[in-house]
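Visitor: Could you take me slowly through one part of this structure? I would like a close look at its salt bridges and at the residues that form them.

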Amino acid sequence: MSGEIFFDGTKYVSADDAAFTGELTTAYIARLCREGKLVARRVGSHWYISQESFATFLAAQAFARGLRMRSFPDEIFFDGIRHPDPSI
């Protein structure tokens with residue numbers, strides 16, 4: 001099973017489709033579903049995620065990533081090493 005399905009008028013997308021869209025693994029999506037971090041339903045052995053819930057999750061992840069990136073504004077990272085930003 002894959003694609004999309006509707007429960008109570010809410011659109012759910014397959015874990016495979018969500019993983020592809022969010023550039024994540026299907027196993028990670030399934031873990032988020034099991035942990036209750038996404039609004040999801042299991043149909044047989046397949047997870048389906050509320051499209052709205054997944055969009056909210058991705059937005060929260062992008063926001064958190066932005067905060068992490070701003071936490072070192074005066075440094076540049078490359079080769080796993082912090083270097084002072086020469087432009088400052």
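Guide: Let us begin with K37, which counts as exposed, because its relative accessibility is 53% and the exposed class takes in values over 50%. This residue has a charged partner in the predicted model, for K37 forms a salt bridge with E35, in which the closest N and O atoms are 3.4 Å apart. E35 itself is partly exposed, with a relative accessible area of 42%, and its side chain also meets that of R31 in a salt bridge, where the N to O distance is 3.3 Å. R31, at 39% relative accessibility, counts as partly exposed as well. Since these salt bridges share partners, R31, E35 and K37 are joined into one network, and if you follow it in the picture you can start from E35, which has a salt bridge to R31 and another to K37.

Now turn to another pair, K11 and E4, whose side chains meet in a salt bridge with an N to O distance of 3.1 Å. K11 has a relative accessibility of 27% and therefore counts as partly exposed, because that class lies between the buried limit of 20% and the exposed limit of 50%. Its partner E4 is also partly exposed, with a relative accessible area of 46%. The count for the model comes to 4 salt bridges, among them the one between K11 and E4, the one between E35 and R31, and the one between E35 and K37.

Notes:
Residues are numbered from 1 along each chain as its sequence is written. This is a predicted model: local features need pLDDT of at least 70, side-chain atom pairs count only at pLDDT 80 or more; totals for chains, interfaces and linings use all residues. Side-chain values use heavy atoms; hydrogens and water are left out. Buried means under 20% relative accessible area, exposed over 50%, partly exposed in between (1.4 Å probe, protein chains only).
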